[in-house]
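Q: Can you walk me through this one? I'd like to go from the annotated regions down to single residues.

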Amino acid sequence: MKLPKKLRWLASLSMLVCLLLASTGCSEKIIVLNPKGPIAEHQRDLMLISTVLGCLVIIPVLILTAFIIWRYRDKPGRKASYSPNWAHSTKLELIWWGIPIIIIATLGVITAHATYALEPSKPLESNVKPITVQVTSLNWKWLFQYPEQGIATVNELKIPQGVPIRFEVTADSPMNSFWIPQLGGQIYAMSGMAMTLYLQADEQGKYWGSGANFTGKDFAKMYFDVDAVGTDEFDQWVKQVKADSPELTLDGYKELAQPSTLKTQTYSAFPKGLFEMTVTKYASSHHHGLSQKEMKDMPASHDPGSTHEDMPASHDHGSTDEDMSESHDHGSTDEDMPGMDMGDS
Amino acid sequence: MFDQIKEFASGFFVTGDPLIYGADVSILLVTAAIIFTLTYFKKWRWLWREWLTSVDHKKIGIMYILAAFLMMFRGGVDALLMRAQLAIPGADFLQPDHYNEVFTTHGVIMILFMAMPFMFGLFNIIVPLQIGARDVAYPILNSLSFWLFFAGAMLFNLSFVIGGSPDAGWLAYPPYSELMYNPGVGQDFYIWGIQISGIGSLMTGINFLVTILKMRAPGMKLMKMPLFPWSVLSSCIAIIFSFPILTATLALLFLDRYAGAHFFTLDGGGNPMMYINLIWMWGHPEVYIIVLPAFGIFSEIVSTFSRKKLFGYQSMVYAMIIISVLSFLVWAHHFFTMGSGAGVNTFFALSTMLIAIPTGVKVFNWLFTMFRGRITVKTPMLWTIGFIPCFIVGGLTGVLLSVAPADFQFHNSYFLIAHFHQVIIGGVIFGYFAGLYYWWPKMFGFTLNEHIGKWAFWFWNIGFYACFMPQYVLGLMGMTRRVVSYGWDKGWWPLNFVSTIGAALMGIAFVLQVWQIIHGVKHYRKNLDTTGDPWDGRTLEWSIPSPAPHYNFAVLPQVEELDDWWEKKQRGVHKQLNNIAEEKLEPIHMPKNSGMPIIMAGCWFLAGFGFVFHWLWLTIPGLAGVAICMLAHSFNYDTDYYIPVKEIKETEAALRKVTIS
């Protein structure tokens, strides 16, 4: 077989090309391995540790495979031993049940430890008070609300460097996944629940963020820039947005929630409790939340069930805070939900 | 009137895309060509009698594999379309809507309408031969399984030109797959295509479980059974427990869409998470269902081509059973990032890692089967050797993904895409190819050209690595799955470009394989398998002529050992077996052909089509037809016959004469 030999060379060559492509020039672009925050860093370390542990088994096995095939290939003149009935060896089998068990046990301990340590709703250790950003996945754009600053943006996330950010993530669209690789792993954005994810940027800079779970036609356009800036600059920016940008009204939100794409946008204010309203309108409980249809049909300012002028509440008459916190998942407590006031009626 | 027809047709047929017009034309031409050829050569009756109504497990197996190859072509074209779109940033070769349909159908077809029937084809052809049986336990049910798969696959494929394809991903996560976001008929085609073929899959699982447990040749204790039937057994156990979940899940989704139920919707108390849990409770075992038989195939081939007993037989058996049980305990690793909490994530991370242990053991056992053997590298062995590094690396990346906190970075990225293609192509597809080449002479009585086969192998492998290795890196660069395009600024395009070239190489490899088969058929006289045992095999299927007579064994074999045929050859007693003494022959009890399965599957097809378009006038007669078929069959007592000794003698003489000369 002359030709396959040539092909084999071609195979090694193409592998080399791939490696070169991967290593030259784009190593900066392998963003997951180039973390800029504590969570992403820890995740990168985990990746490396588990890769090394895995390689402890697979590299010897790959070498062994090549050796065995070369050694015992049936060729004229090859004098390798042949024992056709040798099919059992307790010692050997113990070894290769044992080695994977040890490696997996090690990796298991590391994983279990890291899973608890990196639980996304766990606050980051820091002397600085975290900032909350409420993230809503809309068709096909990301809405970021800063409840403490009272501003909102679309497809643009500005955060102060060195400050833990508490993301509360939900969706007013098919489920999506909120992902900023250089700061840390993703979390799903799902209607009817608010997921919590703590991230922090250690360095100033622009990072890439995107939706990771398919949401339909313009899913590919749901990316955004994360701009990590100094605290002063951040405050400056907030002031500027407050001064220059239009307000996001409830009607404006409804407009925004319609399927469409949008570049970026900033808002100097947003309706109080908008995020909670988004979450609760899909919240599943035996009490009825507002269905999407009802939302559309209802003029916001005339909502009968609300104590706030601009915030429709649940239709249900027995809704209590307990019901609410059920739907807000993962360590969200009431005090973490600024602006939440779902007046009973 | 004319306007009404026009309006209906524009909604009914998919219009506006030249690719689809091309498909319309080619479907019409192919159909016309088939009808013309069959009529011209007066082959309708032959087709009906010999194939469509056949209950011969070998013929059903061949039809499965033929269908699987057609579906591989369709799914492969989908793959190439996607790769063409992604080769260059900002390409608008495929519009987003169309792209979404393409990746959805690619996934569904490759797993459910390519891998599954390919696997069932190999089950059908080989399992009865290897366990020394004359047929499967329920031959008519077996035929029905095939026709239900076929009806489901055709219904699903029809969505391409009629009504519109599904576009919610291969597992159709709600709420996106619900009416509120997905009002067309595509998702209904998805539901009914899978539902109908899924019933067939479940029945195959039951059929082969019973066949293996009840129909082994005398003397073949379970622990003397070859590894392939063992792998089929563990796969069937997983099928029996998982496919009912799929059926129920899709039924609930259908009720949501058809009857306005609220199982998975966002309003009315529904919960999409329930669907995601349910679909993965089926979906995860499903990947083990398709890979376990490949493990069995590799075990047979490694042992045959190393001319050595399989190392650690018992370990292999236990490893497969452990894998089939563990596969049910890992489903939540598909959504670590959906906020299950640290406790749940830890459990599923650890249970996922555990699977690496028995899988690793299997690799060691294959290696030590080759150790101190005499390895000959024919195409089946070549695929087995190609499988080992590919699967080991894919397995490693699987373990990486199972580290829950790290999965937060891998999930939904191209890293994941690369991983599962590596284990499914490297494990499943390489395995089925190995099996196909290995058993080809047994199926058709001639061997295939090794030279073309090796070219195909190398194109597949080079193409594979060029296609999927860059995708690991792309994942780490932040590229998410299912994006239709991306910008120049990301630095993704060189890797994507290489990946597309790799996909094209695999496309060429597929063409080479088809050519190899055509070449084989053309020159079959030169490559006749006259011995029935071209690879100097070890198991029972090699003890009978190629292709096997329709009753398989003239005299049921008496099994004494593992690798019984090999041991008999060693002792030199196999020659006596070839001279079948007349006094040993008895009339053979065989099942009669039946037209019921194909008619019933046709009725299911009509019912499914009616459900898709909410046409009760079609659904009701379709379902009534199904009921009538069942009823009629239950009153049919004329289902079997005996092959007289004279006919057996004649057949054996004709088949083995070649052996003597």
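A: Sure. One term before we start: contact, or touching, means heavy atoms within 4.5 Å. Also keep in mind that this is a predicted model.

Q: OK, let's use that right away. What does Val61(A) touch, leaving out residues up to four places away in sequence?
A: Val61(A) touches four residues of chain B, namely Val363(B), Phe364(B), Leu367(B) and Ile392(B). Val61(A) itself belongs to helix α2 of chain A, residues 38-71.

Q: And is Val61(A) buried or exposed?
A: Buried: its relative accessible area is 5%, and the cut-off for buried is under 20%.

Q: Stepping back, which domains does UniProt list on chain A and chain B?
A: For chain A, an unreviewed UniProt entry gives "domain: Cytochrome oxidase subunit II copper A binding" at residues 128-240. For chain B, the UniProt record, also unreviewed, puts "domain: Cytochrome oxidase subunit I profile" at residues 42-560.

Q: How much helix and strand is in each of those stretches?
A: Residues 128-240 of chain A come out at 9% helix and 53% strand, with the end C-alpha atoms 23 Å apart. Residues 42-560 of chain B are 68% helix and 0% strand, and there the end C-alpha atoms are 48 Å apart.

Q: What's the strand order in the open sheet of chain A?
A: The order is β4-β10-β9-β6-β7, so five strands by the DSSP runs, and the pairing is mixed. At the edges sit β4 (156-160) and β7 (184-189), each pairing on one side only. From one strand to the next, the twist averages 20 degrees.

Q: How do β6 and β7 of chain A pair?
A: In the antiparallel sense, over 4 bridges, with β6 covering residues 176-180. Across that pairing, Phe178(A) stands opposite Ile187(A) in β7(A).

Q: Which helix lies across β4 and β10 of chain A?
A: That's α4, residues 231-244, running at about 135 degrees to β4(A).

Q: Switching to rings. How many aromatic pairs are there over all chains?
A: The count is 99. Take Phe36(B) and Tyr40(B): their ring centres are 5.6 Å apart and their planes are at 20 degrees, so they count as stacked.

Q: Where are Phe36(B) and Tyr40(B) in helix α2 of chain B?
A: They are 4 residues apart in that helix (residues 18-40), so about one helical turn separates them. Both Phe36(B) and Tyr40(B) are exposed.

Q: Which arginines lie over a ring face?
A: Among them are Arg71(A), over Tyr72(A) at 5.8 Å from the ring centre, and Arg78(A), over Trp70(A) at 5.2 Å.

Q: Now the backbone. Where are the cis peptide bonds?
A: One of them joins Asn139(A) and Trp140(A), with omega about -5 degrees. Trp140(A) is in the loop between β1 (131-138) and β2 (141-146) of chain A. Another runs from Pro174(B) to Pro175(B), with omega near 0 degrees, and Pro175(B) is in the loop between α6 (139-158) and α7 (186-214) of chain B.

Q: Why flag those, or a positive phi?
A: Because most peptide bonds are trans, and most residues other than glycine have a negative phi.

Q: So what is phi for Ala172(B) and Asn412(B)?
A: Ala172(B) has a positive phi of about 50 degrees, and Asn412(B) has one near 60 degrees. Ala172(B) lies in the α6 to α7 loop of chain B, while Asn412(B) is in the loop between α13 (404-410) and α14 (414-444).

Q: Are they buried or exposed?
A: Ala172(B) is buried at 1% relative accessibility, and Asn412(B) is buried at 2%.

Technical notes:
Residues numbered from 1 in each chain as written. Chains lettered and ligands numbered in written order. Predicted model: local features only at pLDDT ≥ 70, side-chain atom pairs only at ≥ 80, totals over all residues. Heavy atoms only, no water. Pairing = 2+ DSSP bridges. Helix = DSSP H or I, 4+ residues; strand = E, 2+ residues; numbered from the N terminus. Axes fitted to C-alpha atoms, helices over the stretch in contact; angles between N-to-C directions. UniProt positions renumbered as here; feature names shortened; annotations may be inferred. Phe/Tyr/Trp six-rings, centres within 6.5 Å; stacked < 30°, edge-to-face > 60°. Buried < 20%, exposed > 50% of the residue type's maximum accessible area, 1.4 Å probe, protein only. Lys NZ or Arg CZ within 6 Å of the ring centre and 35° of its normal.
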